[in-house]
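Trainee: Please choose a single part of this model and examine it closely. I should like the reasoning behind each conclusion to be made explicit.

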Amino acid sequence: MSDSHAEVQPPAKKRRAANFSEEELMILIEEVAERKAVLLGPLTSVVTNKGKELAWKAVAEVINSVGVVQRNVSDIKKKWFKVKSEVKCKAAKEKIERSKTGGGVAEPTVWKPTEEAMLTLIESEAIEGFSSLESGTINPDRPQPSTSAVYRQSTGTLVTPVEHISPQPQSNEPQPSTSSKL
């Protein structure tokens, strides 16, 4: 009777893989930077899903050539997006701390080399936003869109609505007619 009832063993728990080393992370960032247009760019007639898969496989091969743990493409992609998200959050928190008023000087953020490398790879608008619009400063060399001011190309200055509506100084030169001929 005991022969027919074999003891059922619970399935073995899946062991998690070892953490990525700093060397593996740096290689991941460098390899993605080399293939940024394919891996992170939009799908086009040149960049296809198949091309993206092949590029991620190439990244995995390079990482696996130096790492102790063999990692699959899925694990590498997850790590990429996780590190990217963490760096963006850390940079956003740093920006918030810098812009706080009162309370003295903010503590400087300590960045690991891999985080610094990721930060340089991420586009600045994704982290900093459009600071000139937030702070109200306008660079006359680069006109900003605005509903309350008009940029005058000839002088390179912004004109407030009142200045824009007020008549321009009269000159002795004849003005072109704005009425259309019928």
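Mentor: A helix is here a DSSP run of H or I with at least four residues, and helices are numbered from the N terminus. The model is predicted, and the part I have chosen is helix 4, which covers residues 73-99. Let us begin with a contact inside this helix. Lys82 and Glu86 form a salt bridge, with 3.8 Å between their closest N and O atoms; the cut-off for such a pair is 4 Å. The two residues are four positions apart in helix 4, so about one helical turn separates them. Both ends of this bridge are partly exposed: the relative accessible area is 47% for Lys82 and 45% for Glu86.

A second bridge leads out of the helix. Lys90 and Glu115 meet through their side chains at 2.8 Å, N to O. Because Lys90 belongs to helix 4 and Glu115 to helix 5 (residues 113-121), this pair ties together parts that lie 25 residues apart in sequence. Lys90 is partly exposed at 25%, whereas Glu115, with 14% relative accessibility, counts as buried, the limit for that class being under 20%.

Another pair joins Lys100 to Glu97, at 3.1 Å from N to O. Lys100 counts as exposed at 51% relative accessibility, while Glu97, at 38%, is partly exposed. The structure holds seven salt bridges, these pairs among them.

Helix 4 also has a role in packing: together with helix 1 and helix 2, it is among the elements that cover the buried residues of helix 3. Those buried residues include Trp56, Val59 and Ile63.

Note on methods:
Residues numbered from 1 in each chain as written. Predicted model: local features only at pLDDT ≥ 70, side-chain atom pairs only at ≥ 80, totals over all residues. Heavy atoms only, no water. Buried < 20%, exposed > 50% of the residue type's maximum accessible area, 1.4 Å probe, protein only. Contact = heavy atoms within 4.5 Å.
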